[in-house]
Structures are given as C-alpha cells and as structure tokens.
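Reader: Could you walk me through one part of this model up close? I'd like to hear about the pockets and whatever helps frame them.

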Amino acid sequence: MDFSWLQDPFYQEYLIEGFVNTLWLLAVSAVGGLALAVAVAMARLKGPRPLAMLAKGFTVVMRGTPLLVQLFFFYYGVGRLLEGIPGVQDSMIWPLLRDPFFYGALTFTLSVGAYSGEVLRGALASVPPGEREAGRAFGMTPFQVFARLWLPRAIQRCLPTLTGEMILLLKSVPLVSTIALMDLLQAANIIRDETFLVYEPLMLIAGIYLAMTVVLTLVLRQVEHHFPGMQPTRRRFPLRRVENAPCKH
C-alpha cells in the first residue's frame, strides 16, 4: 500500500475541499429537507384537497424515481434550461444557479422532504387527538398546539426512523461527484487519475465515510436520548424473593 501521496499539499487541498463540501451538503440538505417534510406532512393531513393532492404527487414522484436521475434532471435539465432564458445570466442569482452545489443541495433537500414527509405524516396521524384537545382546553392557539404538543409528540414517535434517513443522506452525498462537484469521491477520483493508484484513495475515502457515519450515529443517538419526552432506557433488576413472614394477629 502506498499512501505517500497524502503528504502532497496539492492532494490535501482536494481532500479538505471535498470534506468541507460533503459536510455542507449534509447540513443544508438535512435542515432544508426536514423543514420541507413538516410542510409536506401538514399539507397531506390538514391542507385543502388540491394542496394535499399536490403534496402526495410530489412524494410519489420523488420516492418513485432514482436519486441519480433527479440529480441529472435538475443539473443538466433545469440548469441548462435556465441558461437559455434571456437575462438570467446577467442577474444577481446567476452565480448561484450555475453552481453544482446548489443543484446537489436542492435535489437532496427535495428527496429528504419527500421521504421524511411520509414518515412524519404517519407519526402525526398516530398522535391521539385527545392530546391536542387537552391543549385547546388550556387555551392554546392552533399554532401553539401544533408547535408545543402535536409536532414534538410526532417527532418522538419517528425519531429513530429520521435518524436512519440522515445516515442514508450522508451515504447519498457521493452522487454529486457525477455533476463535477468537488466532494470526497471526486477528490479520490482525481487522485486515482494522477497517481494511477486504484485502491488506496478509495480505501481512504471509505474510512472517512465510515468515521463520519459513526460520529453522526452517536450524535443522533444522543439527540434521541435527550429529546423532550423520550423515556431513558432503565436497567431492570430481578425481583428479590421475599421469604414468607408469619402474620401478626
């Protein structure tokens, strides 16, 4: 095994840039996707019929098509379409619209919103109506009932599943290497092309992703344990056998 190329500042710069872009994609997509998931779930449950049907169609399309196809659609399809619109390239938002990071974050956000939205919809529907009625009986507004009672109780029920979605999101990030965005896999591909080493760069990237997955899992597990309302795991002790004592009359 030859890892001498790790001492080259040129390759170190690629790896650092790829690592930073990977973390940013994970953070932006997770936050944006979970916010979208709440909107999708509420549209399915409480929205007017046209909005509910639109939200359902969105989830069906995003969950029924491969993530790589969605990434190509937004980057090569929508991105190239925007280039042909007069005045777009001269606008202030053009630097954003031509950046592959934008399309990667957009695709992952929509995907997380669709998958997590269905999970959250089921969790919201499973919360007993009596808990919301109790909140209204205490004089809470509908928004307070949702923000303080309904949504937290739903998150308690589906938090382990949402944790799994975040881990799957991290494993999906390498797909952005197909749209010329510098991530860890793209950095490894550049190193492989220039050093003619096949296994070493890929082994390094696999180790980095494994470490990131372990850290993310531990962090999310702590969130689960300390989330308001979650019951901590308690150790069960066997019951002591109590000898029969004579009854006093």
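Author: Here's a look at the two largest pockets, followed by a helix that helps line both. Keep in mind that this is a predicted model.

Let's start with the largest pocket, which comes in at a volume of about 270 Å³. It has 15 lining residues, and the ones closest to its centre are Leu34, Ile155, Leu159, Leu162 and Phe227. Four helices each put at least two residues into that lining: α1 (9–46), α5 (100–126), α7 (142–172) and α9 (199–226). The largest share belongs to α7, with 5 residues. As for chemistry, you've got 12 nonpolar residues in this lining, plus 2 polar and 1 charged.

Now for the second largest pocket, at about 190 Å³. Here 13 residues do the lining, and Leu67, Ser111, Tyr115, Glu165 and Ser172 sit nearest the centre. Helices α5 and α7 turn up again, each giving at least two lining residues, and so does α3 (67–83). By class, this lining splits into 8 nonpolar, 4 polar and 1 charged.

Since α5 supplies residues to the largest pocket and to the second largest, that helix deserves a closer look. Its 27 residues span 39 Å from first C-alpha to last, close to the 39 Å expected at 1.5 Å a residue. Even so, α5 has a kink of about 25 degrees, centred on Gly117. At the N-terminal end of α5, Asp99 acts as a cap, with a side-chain oxygen 3.1 Å from the backbone nitrogen of Phe101.

Definitions and conventions:
Residues numbered from 1 in each chain as written. Predicted model: local features only at pLDDT ≥ 70, side-chain atom pairs only at ≥ 80, totals over all residues. Heavy atoms only, no water. 1 Å grid on protein atoms, 1.4 Å probe; cavity = no way out; pocket = protein on both sides within 12 Å on 5 of 7 lines; lining within 4 Å. Points joined across faces, edges and corners; volume = space filled by probe spheres on them. Nonpolar A, V, L, I, M, F, W, Y, C, P; charged D, E, K, R; others polar. Expected span 1.5 Å × (residues − 1). Bend = angle between axes of the 7 residues up to and from the residue. Polar contact = N/O pair within 3.5 Å; in protein donor to acceptor, adjacent residues only side chain to side chain.
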